[in-house]
Amino acid sequence: YRPHITLARIARENIVQLRFRIASMQNIFPLQPFEATEFHLYESRPTPNGSVYSVLASFPLAAGVR
């Protein structure tokens with residue numbers, strides 16, 4: 001077991017298509033600042049019908065974290 005952070009999941013056969021799509025994107029959505037007040041640690045359990053996610057812990061952040 002190797003602890004890791006998953007930012008996204010995509011089937012390997014779709015990676016070339018995803019890279020092309022990202023490269024062609026131009027200002028599709030502006031990224032606006034936001035304030036994070038907490039973050040959550042999730043557990044992912046794969047099942048035949050897709051992964052099931054459960055919150056294991058929540059962590060408050062200091063006020064004003066951007």
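# Reading a predicted model: why the labels fit

The protein has 1 helix and 2 strands, where helices (H or I, at least four residues) and strands (E, at least two) are DSSP runs numbered from the N terminus. This is a predicted model, so local features need pLDDT of at least 70 and side-chain atom pairs count only at pLDDT 80 or more, while totals for chains, interfaces and linings use all residues. Residues are numbered from 1 along each chain as its sequence is written, and side-chain values use heavy atoms, with hydrogens and water left out.

Me: What pattern do the helix and strands make along the sequence?
Reply: Going along the sequence, you get α-β-β.

Me: Why is the protein called more spread out than a compact globule?
Reply: Its radius of gyration is 16 Å, and the globule rule gives 11 Å for 66 residues; 16 Å is well over that, so the label fits. The radius is taken over C-alpha atoms, and the rule is 2.2 Å times the number of residues to the power 0.38. Along the principal axes, the C-alpha trace spans about 40 × 35 × 20 Å.

Me: What share of the residues counts as buried?
Reply: 0% of the 66 residues. Buried means under 20% relative accessible area, exposed over 50%, and partly exposed in between (1.4 Å probe, protein chains only).

Me: Why does Ile5 count as exposed?
Reply: Its relative accessibility is 75%, and the cut-off for exposed is over 50%, so Ile5 gets that label. You'll find Ile5 in the segment before helix H1 (15-24). From Ile5 to Thr47 it's 42 residues in sequence and 19 Å in space, C-alpha to C-alpha.

Me: How many aromatic pairs are there?
Reply: The count is 1. Rings of Phe, Tyr and Trp (its six-membered ring) pair if their centres lie within 6.5 Å. Here Phe39 and Phe59 are 5.1 Å apart, centre to centre.

Me: What makes the pair of Phe39 and Phe59 stacked?
Reply: Look at the angle: there's 25° between the planes. Planes under 30 degrees apart count as stacked, over 60 as edge-to-face and the rest as tilted, so this pair is stacked.

Me: Why can you say that the pair ties together parts apart in sequence?
Reply: Phe39 sits in strand S1 (residues 38-45) and Phe59 in strand S2 (residues 52-60), so the parts tied together are 20 residues apart in sequence.

Me: Are Phe39 and Phe59 buried or exposed?
Reply: In between! Phe39 has 45% relative accessibility and so counts as partly exposed. Phe59, at 35%, is partly exposed too.
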